[in-house]
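Subject: Structure handover and findings

Hello,

Please find the structure below, with the sequence alongside. My notes on what was found follow it.

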Amino acid sequence: MLIGELSSRTGVNAHQLRYYEAQGLLAAERGANGYREYDETADLRVKQIRHLLGAGLSSEDIAYLLPCAVGEAPELPGCPELLAAMRARLRRLNDQLDRLAQSRDALADYIDAAERTGSESYPPFDGADQLPVSA
C-alpha cells in the first residue's frame with residue numbers, strides 16, 4: 001500500500017510515517033516509480049508505535065521493543081532485557097516528574113510571596129496571558 005493509504009488506515013499523517021521510517025520503526029520498499037510501498041502489516045506496526053509513544057517511550061526505546069511486540073496494544077514479553085529497558089524509561093519519567101513538581105512548588109512559592117507583598121507600588125498588569133511560556 002502507498003503512504004496515503006497507510007495514513008488513511010491509521011490516522012497518522014504521511015510526515016509522521018516518514019519519520020517512523022527514518023527512525024527505523026517502519027519499513028517500506030520503493031516501487032519502480034520511487035513511491036514508498038508498505039506491506040499489509042504496516043498498519044498494525046503503526047498502531048503499535050502509537051501505543052508505545054503514548055506510554056512515553058522514545059523512538060529509540062520503541063526500536064528496541066518493537067521486534068518483540070505482539071498485537072495492536074501491544075503486548076510485550078517479560079524477558080529481562082525488555083523489562084530493564086522499560087524500567088529505565090520509567091525511572092527517567094519519574095525523574096522528570098520530580099523536577100516538574102519541584103518547579104511547580106517553587107513557582108507556587110513565588111506566587112504566594114508576591115501576593116503577600118501586595119501590589120500597591122506596582123501599576124496594574126493585565127497582560128498575564130502575554131508572558132512567555134517555555135516548553
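A residue counts as buried when its relative accessible area is under 20%, and as exposed when that area is over 50%. The model is a predicted one, so please read every value below as computed from that prediction. S59, in helix α4, has a relative accessible area of 15% and is therefore buried. Setting aside residues up to four places away in sequence, S59 touches Y19, Q23 and L25.

Overall layout

The chain has five helices and two strands. Read from the N terminus, the order of the elements is α-α-β-β-α-α-α. The chain has 135 residues, and 21% of them count as buried. About 9700 Å² of the chain is exposed, with carbon and sulfur atoms supplying 54% of that area. As for contacts between residues at least 6 apart in sequence, 44% of them join residues at least 24 apart.

The nonpolar core

In soluble globular proteins, nonpolar side chains tend to be buried together. Here the largest nonpolar core has 19 residues, and L6, L17, Y20, L26 and Y38 are those with the most contacts inside it. Two or more residues come from each of α1 (3-10), α2 (14-22), α3 (42-54) and α4 (59-65). The element that gives the most is α3, with four residues.

Y38 is a useful residue to look at here. Apart from its neighbours within four places in sequence, Y38 is in contact with M1, L2, I3, L6, L17, E21, L26, A27 and A28. The contact with I3 can also be followed from the other end. I3 lies in helix α1 and counts as buried, because its relative accessibility is 18%. Its contacts, again without neighbours within four places, are A14, L17, R18, R36 and Y38. I3 and Y38 are 35 residues apart along the chain, and their C-alpha atoms are separated by 7.3 Å.

Helix α1: two further residues

Is S8, another residue of helix α1, buried or exposed? S8 is exposed, because its relative accessible area is 64% and the cut-off for exposed is over 50%. S8 and D43 are 35 residues apart in sequence, with 9.7 Å between their C-alpha atoms.

T10 is also in helix α1. With a relative accessibility of 18%, T10 counts as buried. Not counting residues up to four places away in sequence, T10 touches D43 and V46. The side chain of T10 also reaches the backbone oxygen of L6, at 2.8 Å. Between T10 and R45, which are 35 residues apart along the chain, the C-alpha separation is 9.8 Å.

The two ends of helix α2

At the N-terminal end of α2, N13 acts as a cap: one of its side-chain oxygens lies 3.1 Å from the backbone nitrogen of H15. Just after α2 comes G24, which takes a positive phi of about 80 degrees.

A buried aspartate and a cis peptide bond

D61 is placed in helix α4. Its relative accessibility is 12%, so D61 counts as buried. Which residues does D61 touch, not counting those up to four places away in sequence? They are R89 and R92.

Most residues other than glycine have a negative phi, and most peptide bonds are trans. The peptide bond from A73 to P74 is cis, with omega near -25 degrees. P74 is found in the loop between α4 and α5 (80-117).

The second largest pocket

The volume of the second largest pocket is about 170 Å³. This pocket is lined by 13 residues, and those closest to its centre are A27, D39, T41, A42 and R45. The most lining residues come from α3, which gives four. A27 is also one of the residues in contact with Y38.

If you open the model, Y38 and its contacts, I3 and L6 among them, are one place to begin. The cis bond from A73 to P74 can be looked at separately.

Regards

Key: Residues numbered from 1 in each chain as written. Predicted model: local features only at pLDDT ≥ 70, side-chain atom pairs only at ≥ 80, totals over all residues. Heavy atoms only, no water. Core = buried A, V, L, I, M, F, W, Y, C linked by side-chain atoms within 4.5 Å. Buried < 20%, exposed > 50% of the residue type's maximum accessible area, 1.4 Å probe, protein only. Contact = heavy atoms within 4.5 Å. Areas by Shrake-Rupley, 256 points an atom, 1.4 Å probe, with all protein chains shown as cover. Polar contact = N/O pair within 3.5 Å; in protein donor to acceptor, adjacent residues only side chain to side chain. 1 Å grid on protein atoms, 1.4 Å probe; cavity = no way out; pocket = protein on both sides within 12 Å on 5 of 7 lines; lining within 4 Å. Points joined across faces, edges and corners; volume = space filled by probe spheres on them.
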